[in-house]
Amino acid sequence: MLTLAGLKPGEVFFDLGAGDGRTVIMAAKEFGARAVGIELREDLAKKALSTIFEEGIQDRVTIINANMFNVDISSADVIFLYLTTSANDKLRPKLESELKQGARVVSHDYEIVGWRPVKVDNFCENPKLGYPTHTIYLYKKI
Ligand SMILES: C[S@@+](CC[C@H](N)C(=O)[O-])C[C@H]1O[C@@H](n2cnc3c(N)ncnc32)[C@H](O)[C@@H]1O
């Protein structure tokens, strides 16, 4: 997903609904991004922070324990979403008003209805199944 988004070193990456922080950690460690994870659940935000300190990457990764609708996302080069179609729908006006031109949005499994993806990629995490189990939608703010 981060490869599909073309995430580059030094870019600002946001995961809206960051869970245990696995994606922001990968964005910083493997792609050299400055990563911000926003997570509503305090227990998950604490777990993410603890892993980030264990990994010693706290200078490159920030976790904000908050509702993503209340956080300024205007500095993002890449936004990652693994939410639901209805959450994406609620988020759409915020993305449209705050994101800068050229910012990319990559959404795991759920499209942003009303936006046209620049790329759609299907993949299977278990090759034995022989059919795709996940879809990635890539959007670019114009
Ligand atoms: C399916 S998980 C994705 C976790 C992570 N992005 C990943 O891919 O591993 C969705 C996460 O979004 C969080 N979430 C849901 N609504 C939120 C909101 N309004 N603000 C911040 N986080 C939210 C949930 O608590 C949950 O941890």
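In what order do the strands of the open sheet lie? The model shown here is a predicted one. Its open sheet has 7 strands, in the order 3-2-1-4-5-7-6, and the pairing is mixed. Strand 3 and strand 6 are the edge strands, each pairing on one side only. On average, neighbouring strands of this sheet are turned by 15° against each other, direction ignored.

What holds strands together in a sheet? Strands pair through backbone hydrogen bonds, and the pairing is either parallel or antiparallel. This sheet shows mixed pairing, and individual strand pairs make that concrete.

Start with strand 4, residues 78–81. Strand 4 pairs with strand 1, residues 12–16, in the parallel sense over 4 bridges. Within that pairing, F14 has I79 of strand 4 as its bridge partner. Strand 4 also pairs with strand 5, residues 104–108, again parallel and over 4 bridges. Here I79 has V105 of strand 5 as its bridge partner. Follow I79, then: its bridge partners include F14 and V105.

Are the two faces of strand 4 covered or open? Side chains in a regular strand alternate between the two faces of the sheet. In strand 4, V78 and F80 lie on one side, and I79 and L81 on the other. All four are buried, so both faces of strand 4 are covered.

How does the chain get from strand 4 to strand 5? Helix 3, residues 85–98, belongs to this connection: strand 4, helix 3 and strand 5 make a right-handed β-α-β unit.

Now move to the other end of the strand order. Strand 6 and strand 7, residues 134–140, pair in the antiparallel sense over 5 bridges. In this pair, F123 stands opposite H134 of strand 7.

Next come the helices. Helix 1 packs on the sheet and touches strand 1, strand 2, strand 3 and strand 4. The direction of helix 1 makes about 175° with that of strand 2. Which residues of helix 1 are buried? They are T23, V24, I25, A27 and A28. These buried residues pack against strand 1, strand 2, helix 2, strand 3 and strand 4. R22 also lies in helix 1. R22 counts as partly exposed because it has 13 other C-beta atoms within 10 Å. Just after helix 1, G32 takes a positive phi of about 70°. Helix 2, residues 42–55, lies across strand 2 and strand 3 and runs at about 165° to strand 3.

A second positive phi deserves a look. Most residues other than glycine have a negative phi. D109 is not a glycine, yet it has a positive phi of about 70°. Where does D109 lie? It sits in the loop between strand 5 and strand 6, residues 119–123 for strand 6. Why does D109 count as partly exposed? It has 14 C-beta neighbours inside 10 Å, and a residue would need 20 or more to count as buried.

Finally, turn to the ligand. How many residues surround it? There are 16, and the closest are G17, G19, L40, M68 and Y82. Helix 1 and strand 2 each supply at least two residues of this shell. By type, the shell divides into 8 nonpolar, 4 polar and 4 charged residues. Helix 1 therefore has two roles in this picture: it packs on the sheet, and it supplies residues to the shell around the ligand.

Key: Residues are numbered from 1 along each chain as its sequence is written. This is a predicted model: local features need pLDDT of at least 70, side-chain atom pairs count only at pLDDT 80 or more; totals for chains, interfaces and linings use all residues. A residue is near a molecule or strand if its C-beta atom, placed from the backbone, lies within 6 Å of it. Ala, Val, Leu, Ile, Met, Phe, Trp, Tyr, Cys and Pro count as nonpolar, Asp, Glu, Lys and Arg as charged, and the others, Gly among them, as polar. A residue is buried if 20 or more other C-beta atoms lie within 10 Å of its own, exposed if 12 or fewer, and partly exposed in between; C-beta atoms are placed from the backbone. Two strands pair if DSSP finds at least two bridges between them. A crossover is right-handed if, with the strands pointing away from the viewer, the path from the first strand over the helix to the second runs clockwise. Two residues are in contact if their C-beta atoms, placed from the backbone, lie within 7 Å. Axes are lines fitted to C-alpha atoms, for helices over the stretch in contact, and angles run from 0 to 180 degrees between N-to-C directions.
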